[in-house]
Amino acid sequence: MRCPYCGHSDSRVIDSRDAGDGIRRRRECVECERRYTTYEYIQMRSIMVAKRDGRREEFQREKLFSSLSKACAKRPLPVGSIDKLVDEIERQLTESGRAEFSSRAIGEAVMVKLAELDRVAWVRFASVYRDFRDIESFKDAIDALLEPETTDYKDHPGQFSLIDEDSIPPLRSGRRTRRTQRPVVGSQ
C-alpha cells in the first residue's frame, strides 16, 4: 500500500474494523508518519462493463462513487447515502449472476435510484449521462421526473435480476413528439 502523501510503499496498520462488506484499516506511513484510511472489499468475481464505444473494462466502484459524489455535491443528503447507493448497485450486479453489463444499463439503474434519493442530484447526473442535445430534451426529462408516467418505478427499483437489459424501465425517453410546432423566435 503506497502512502497517499509521500508515495512510500511501507506502512503499518494501527487499527482494523469491520465496515459492513469489507474491512476499514487505519494505517501510518513508516516514512512520513502521516495516517490514512484504506478499505478492503471482498471481490467475488470481476464484473465487466461494455462501454458505448465498444470497449470493455472492469467495473470500478470508485468511478461510480466519484460520479455520484459530483451529482450529489452540496445536497442535504444523509451521511453515507452515496456509499449505500454504490453498495446497492454493486450488490445488484454481483447477485445477478452475469459477468457483463452495458454502461447504459448501469446508468439507468443509477438514475432510478437517484430519482428516489434526490431529484436535483438526478438532474445533475442525467445532464452528463444522457448527453442532451438541446434544451427541449432536457426539459422533457425534467418534466418526466416531475410527472412520472403510469409506471410506478418503486415496483422496478433498477434491479438486475432480469436477464434482458432492455427490460430495465427507463424513467422516460429523452425526446417526445410535439403535437404542435412552436415557431422559432427570430426566424421567418
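Two helices whose directions make an angle over 145 degrees count as roughly antiparallel. In this predicted model, the axes of helix H3 (residues 103–117) and helix H4 (residues 119–129) cross at roughly 160°, and H3 and H4 are therefore roughly antiparallel to each other. Their axes come within 8 Å, and the crossing of H3 past H4 is left-handed. On the H3 side the contact is made by Ser 103, Arg 104, Gly 107, Glu 108, Val 110, Met 111, Leu 114 and Ala 115. These residues meet Arg 119, Ala 121, Trp 122, Phe 125, Ala 126 and Tyr 129 of H4. Sorted by class, the contact of H3 with H4 comprises nine nonpolar, two polar and three charged residues.

A second helix pair is formed by H1 (residues 61–71) and H2 (residues 81–95), which pack at an angle of about 135° with their axes 10 Å apart. This angle makes H1 oblique to H2, because it does not exceed the cut-off of 145 degrees for a roughly antiparallel pair. The crossing of H1 past H2 is right-handed. H1 contributes Arg 61, Leu 64, Phe 65, Leu 68 and Ser 69 to the contact. From H2, the residues involved are Ile 82, Asp 83, Leu 85, Val 86, Asp 87, Ile 89 and Glu 90. Seven residues of the contact between H1 and H2 are nonpolar, one is polar and four are charged.

Within this contact, Asp 87 of helix H2 was examined individually. Asp 87 has a relative accessible area of 19% and is therefore buried, the cut-off being under 20%. When neighbours within four places in sequence are left aside, Asp 87 is in contact with Asp 21 and Arg 61. The C-alpha atoms of Asp 87 and Arg 61 are 8.6 Å apart, and 26 residues separate the two in sequence.

Strands S4, S5 and S6 belong to an open sheet of three strands, ordered S5-S4-S6, with mixed pairing. S5 (56–58) and S6 (100–102) are the edge strands; each has a single partner strand, so one side of each is left without a neighbour in the sheet. From one strand to the next, the twist averages 30°. S4 (residues 48–50) and S6 run parallel and are joined by three bridges, with Glu 100 in S6 as the bridge partner of Met 48. Helix H3 packs on this sheet and touches S4 and S6, its direction making about 70° with that of S6.

The remaining strands considered here are S1, S2 and S3. S1 (residues 11–18) runs antiparallel to S2, and seven bridges join the two. Arg 12 has Glu 28 in S2 as its bridge partner. The hairpin formed by S1 and S2 has three residues between the strands, and Gly 20 in the turn has a positive phi of about 80°. S2 (residues 22–29) is also joined by seven bridges to S3 (residues 35–41), and these strands run antiparallel. Arg 27 stands opposite Tyr 36 in S3. The hairpin of S2 and S3 has five residues between the strands, and Glu 33 in this hairpin takes a positive phi near 65°.

Conventions. Residues are numbered from 1 along each chain as its sequence is written. This is a predicted model: local features need pLDDT of at least 70, side-chain atom pairs count only at pLDDT 80 or more; totals for chains, interfaces and linings use all residues. Side-chain values use heavy atoms; hydrogens and water are left out. Axes are lines fitted to C-alpha atoms, for helices over the stretch in contact, and angles run from 0 to 180 degrees between N-to-C directions. Helices (H or I, at least four residues) and strands (E, at least two) are DSSP runs, numbered from the N terminus. Angles under 35 degrees count as roughly parallel, over 145 as roughly antiparallel, 65 to 115 as roughly perpendicular and the rest as oblique. A crossing is left-handed if the near helix is turned anticlockwise from the far one by less than a right angle, and right-handed if clockwise. Contact means heavy atoms within 4.5 Å. Ala, Val, Leu, Ile, Met, Phe, Trp, Tyr, Cys and Pro count as nonpolar, Asp, Glu, Lys and Arg as charged, and the others, Gly among them, as polar. Two strands pair if DSSP finds at least two bridges between them. Buried means under 20% relative accessible area, exposed over 50%, partly exposed in between (1.4 Å probe, protein chains only).
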